[in-house]
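Fancy a few warm-up exercises? Grab a pencil, take a look at what comes next, and try each task before reading its solution.

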Amino acid sequence: MTSNGTDHGLVFFCTEAAMTRKDNHEQHMEKAIALARLGLGRTAPNPCVGAVLVRDGQVVARGWHERFGGPHAEVNAIAHAHARGIDPAGCTLYVTLEPCAHHGKTPPCTDAILAAGIRHVVVGTRDPNLRAAGGVERLRAAGVEVLVGVLEERCQDLIADFRLWQTTDRPYVFLKLAQTLDGKIALRPGERTSISGHRAGRLVHRLRSRVGAILVGGGTFRADNPRLTCRHPRHTGPQPLAAVATRTLPEADAPLVLLRETPERTVFLTSAAEARSRRATLLMDLGCQVYGLPETSNGLDLVAGLTLLRRLHGCTYVLAEGGGTLAASLLAAAVVDELLLFLSPCVLGDVAAPASFQGRHVRSMADALPLRLTAVRHLSPDILLTFRPRLCSPASSNPSAQ
């Protein structure tokens, strides 16, 4: 499904009499997508999935994957229908991700769908996990009419983290930036500046509650002296790790909050030579973790650092909140999976103020780093713009993938 709502690559496997019109497909899938988001941060390392059951054009039951190891969205939707005294056999099931056909922590969702007597299923996108895939074929073999690819790009975005974990060893990376309309993130280099408002701050702390580590660069670490904690009022879990990417480690007796208060949850990502230095030894004596990374032509190998955070500390999500140099480095390394840009409605107009992204040297627009806008949200007085990497053509555009 393309972003303008056309059905490029959409393949229909059902009769017009059996299924509702395409407009209604998208309307019902939108509701399934909204439900899937309720599981964000709670289902990892499994994907977040939403499902609705529709009868006579109306949603009559809902379900989503609520937590890792718990029932899947389809099973919860079927259970909701039964609880309401509704027979699922007379409904069409809309689900954002292909129903699984394998035994994992729970039985196959295809078995639950068939046992419920559901004969019509609309799927947002295919499962990238080859072990769990095959649900579409299983349902069709049993005589169920299946439509694949409704709002596919939107449904693929829902499982971007899951797809990443299936194909790489690194965590899913959020990059958060707060900037003025002219792209400035502080009044002066090294000067801590509050750009966004209270509502934006609450959202950031909610996001911090979902991640395993918060990553900043050395400049931000020294200038802001941050705690890098989650202070959302409903957060009750462990605090994320504080990760600092810097070529020059601080002295162990420096008046920095992370060293004085929480060295046991502080991780430094530095060069291999610096990791062998006296400073590194003294920091580790405090309780910090220090890892030496390979270096590339652009600086520290951030992909290697992120991989370490996942492999050694179990971080499936990392939130980067560094300055313009770290932001540009992460984008250039193609490890930003979601860019959250908080736009404050003001202008500095000061050439000395640092920019959101800096440190690259480009010769033409061909060197620009491409992104796609996926969401806009008003958080008065700010605007939150969400960007993601550009996607390849969706799987449904290849008929052989159906």
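Below are four exercises on this predicted model, each with a worked solution.

**Exercise 1: cysteines**

Work out how many disulfides the structure holds, and why C100 and C155 are not in one.

*Solution.* Start with the cut-off: two cysteine sulfurs must lie within 2.5 Å to count as a disulfide. Next, take C100: its closest cysteine sulfur belongs to C109 and sits 3.7 Å away, so that's too far for a bond. Now C155: the closest cysteine sulfur is the one in C48, at 9.9 Å, so again there's no bond. The total for the structure is zero disulfides. While you're here, check burial too. With 6% relative accessibility, C100 is buried, and C155, at 1%, is buried as well.

**Exercise 2: a covered strand**

Find out how many residues of strand β7 are buried, and which ones lie on each side.

*Solution.* First, locate β7 at residues 213–217. Then count: five of its five residues are buried. Finally, sort them by face. A213, L215 and G217 sit on one side, while I214 and V216 sit on the other, and both faces are covered.

**Exercise 3: the neighbours of β7**

Identify the strands that β7 is joined to, and say how the chain gets from β7 to β8.

*Solution.* Begin with β8 (residues 241–245): five bridges link this strand to β7, and the two run parallel. One spot to look at is A213, which faces L241 in β8. To get from β7 to β8, the chain passes through helix α8 (residues 218–224), making a right-handed β-α-β crossover. Then turn to β13 (residues 317–320), which is also parallel to β7 and is joined to β7 by three bridges. Here L215 has A320 as its bridge partner.

**Exercise 4: into the core**

Decide which helix gives the largest share of the largest nonpolar core, and what F221 touches.

*Solution.* The largest nonpolar core has 35 residues, and F221 is among those that touch the most other members, along with F174, L259, F268, L283, V290 and F342. Its largest share, four residues, is supplied by α7. Setting aside neighbours within four places in sequence, F221 contacts V216, P226, V244, P250, L256, L258 and F268. Now go back to α7 (residues 198–208), where the buried residues are A200, L203, V204, H205, L207 and R208. These pack against several strands, including β6, β7 and β13.

Conventions: Residues numbered from 1 in each chain as written. Predicted model: local features only at pLDDT ≥ 70, side-chain atom pairs only at ≥ 80, totals over all residues. Heavy atoms only, no water. Buried < 20%, exposed > 50% of the residue type's maximum accessible area, 1.4 Å probe, protein only. Pairing = 2+ DSSP bridges. Right-handed = clockwise from strand over helix to strand, strands pointing away. Contact = heavy atoms within 4.5 Å. Core = buried A, V, L, I, M, F, W, Y, C linked by side-chain atoms within 4.5 Å.
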